[in-house]
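Me: Please take a close look at one part of this structure and then set it in the context of the elements around it. A formal, connected account would suit me best.

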Amino acid sequence: MKPAAKQEKSYLWHKISTVMPNPERYEGPVTFIWDYQHEYMVRCPRCEGPALVSCPKVSFKPVDPDKERVLCLKCGFSRLANDVIRYNIRVKRACSHCDHWFDVCIPNNKEKAAKIRLSCDGCGAVEDLVPENEAYRDLYTDERLSDPLFGLPLYYQAPIRNDVLWAFNKKHLSDIRDYVASRLRERQTMQWTTMVEKLPHFIKDAKNRDQILKVIDRMLEIDAYN
Ligand SMILES: [Zn+2]
Ligand SMILES: [Zn+2]
């Protein structure tokens with residue numbers, strides 16, 4: 001082969017190899033963990049089936065409370081996020097008539113209280129006092145891997161050796177899968193650290209690849225949307 005023809009062939013090969021998509025290269029979207037946190041797949045508190053918790057976020061605007069809810073895809077169980085808000089009604093102050101100190105907490109109220117009536121243990125005077133209403137969520141569980149509005153356990157979670165693989169929702173899980181399956185992982189942006197780059201070491205570790213793919217595929221096979 002003449003040197004010129006050889007050169008041309010190698011140029012062509014270079015051109016083809018740079019244009020052809022590499023199936024083992026990670027080409028997923030540039031996403032961050034918060035891009036997945038508008039929707040959580042959880043276990044329904046009534047039937048244990050898959051349920052969706054919606055947490056729509058529209059930049060800095062307040063969220064429409066009717067849109068923050070859980071809906072079971074199996075039994076239809078539904079509840080608004082506001083329904084699990086409770087108040088601790090608290091009074092911490094001195095009596096107006098003596099030096100007795102009120103330190104009262106009435107826990108677990110569905111409604112706020114504007115005033116509460118207390119009688120003083122020191123002088124017997126009865127007073128209407130303005131309390132503080134401390135809001136909290138009466139969560140279903142205190143599990144770490146749960147949604148933030150109801151505390152329901154994440155649906156997609158599975159043990160991998162001594163760790164747990166988990167995902168907020170189906171899109172999150174399948175984006176993790178694409179990353180695990182790829183053998184060529186280049187940085188997608190130099191400016192930020194993306195969701196896949198922040199994955200824990202055991203997920204990125206090549207020696208766990210086959211096991212993780214098998215576990216994810218099993219979770220994705222259970223078609224949670226039907
Ligand atoms: Zn259900
Ligand atoms: Zn008093």
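Reply: In this predicted model, Glu197 counts as buried, because its relative accessibility is 17% and the limit for that class is under 20%. Glu197 sits in the loop between α2 and α3. Along the chain, 166 residues separate Glu197 from Thr31, while the C-alpha atoms of the two are 9.9 Å apart.

The elements that flank this loop also take part in the largest pocket. α2 (170-181) and α3 (201-204) each supply at least two residues of its lining, as does β11 (163-167). Among these contributors, β11 gives the most, with four residues. The volume of the largest pocket is about 300 Å³. Its lining comprises 19 residues, and those closest to the centre are Ile33, Trp166, Lys198, Leu199 and Pro200.

Two zinc sites can be described in parallel terms. At the zinc ion (ligand 1), the protein donors are the SG atoms of Cys44, Cys47, Cys72 and Cys75, which lie 2.3 to 2.4 Å from the metal. The angles among these four donor atoms run from 103 to 115 degrees, and the site is tetrahedral. For a computational chemist, a reference value may be useful here. Four tetrahedral donors have an ideal angle of 109.5 degrees at the metal. Along the chain, the donors of the zinc ion (ligand 1) follow the spacing C-x2-C-x24-C-x2-C. Two of them, Cys44 and Cys75, link distant parts of the chain, 31 residues apart. Cys44 belongs to the loop between β1 (39-43) and β2 (50-54), and Cys75 to the loop between β3 (69-72) and β4 (78-80). With a relative accessible area of 1%, Cys44 is buried. Cys75, in contrast, has a relative accessible area of 30% and is therefore classed as partly exposed.

The strands on either side of those two loops make up a sheet. β1, β2, β3 and β4 form an open sheet in the order β1-β2-β3-β4, with antiparallel pairing. β1 and β4 are its edge strands; each has a single partner strand, so one side of each is left without a neighbour in the sheet. From one strand to the next, the twist averages 20 degrees. Five bridges connect β1 and β2 in the antiparallel sense. Across this pair, Glu39 stands opposite Ser54 in β2.

The second site holds the zinc ion (ligand 2), coordinated by the SG atoms of Cys95, Cys98, Cys120 and Cys123 at 2.3 to 2.4 Å. This site, too, is tetrahedral, with angles of 99 to 114 degrees among its four donor atoms. The donor residues of the zinc ion (ligand 2) are spaced C-x2-C-x21-C-x2-C in sequence. Of these donors, Cys120 is buried because its relative accessible area is 4%. Cys123 is partly exposed, at 38% relative accessibility.

A further sheet remains to be described. It is open and consists of three strands in the order β6-β5-β9, paired in the antiparallel sense. β6 (101-109) and β9 (132-137) occupy its edges, each with a single partner strand, so one side of each has no neighbour in the sheet. Neighbouring strands are turned against each other by 15 degrees on average, direction ignored. On one side, β5 (residues 85-94) is joined to the antiparallel strand β9 by six bridges. Here Ile89 stands opposite Asn133 in β9. On the other pairing, seven bridges join β5 to β6, again antiparallel. Val91 has Val104 in β6 as its bridge partner. A hairpin through six residues connects β5 to β6.

To return to the part examined: Glu197 is a buried residue, placed in the loop between α2 and α3. The two helices that bound this loop each give at least two residues to the lining of the largest pocket, and Lys198, Leu199 and Pro200 are among the lining residues closest to the centre of that pocket.

Note on methods:
Residues are numbered from 1 along each chain as its sequence is written. Chains are lettered from A and ligands numbered from 1 in the order in which they are written. This is a predicted model: local features need pLDDT of at least 70, side-chain atom pairs count only at pLDDT 80 or more; totals for chains, interfaces and linings use all residues. Side-chain values use heavy atoms; hydrogens and water are left out. Donors are N, O and S atoms within 2.8 Å of the metal (3.2 Å for Na, K and Ca); water is not among the atoms, so sites may look incomplete. Four donors count as tetrahedral if all angles lie between 85 and 135 degrees; four count as square planar and six as octahedral if opposite donors are over 155 degrees apart and all others between 65 and 115; anything else is irregular. Buried means under 20% relative accessible area, exposed over 50%, partly exposed in between (1.4 Å probe, protein chains only). Two strands pair if DSSP finds at least two bridges between them. Axes are lines fitted to C-alpha atoms, for helices over the stretch in contact, and angles run from 0 to 180 degrees between N-to-C directions. On a 1 Å grid over the protein atoms alone, a cavity is a set of points where a 1.4 Å probe fits but cannot get out, and a pocket is an open set with protein on both sides within 12 Å along at least five of seven lines; lining residues have an atom within 4 Å of a point. Grid points are joined across faces, edges and corners, and a volume is the space filled by probe spheres set on the points.
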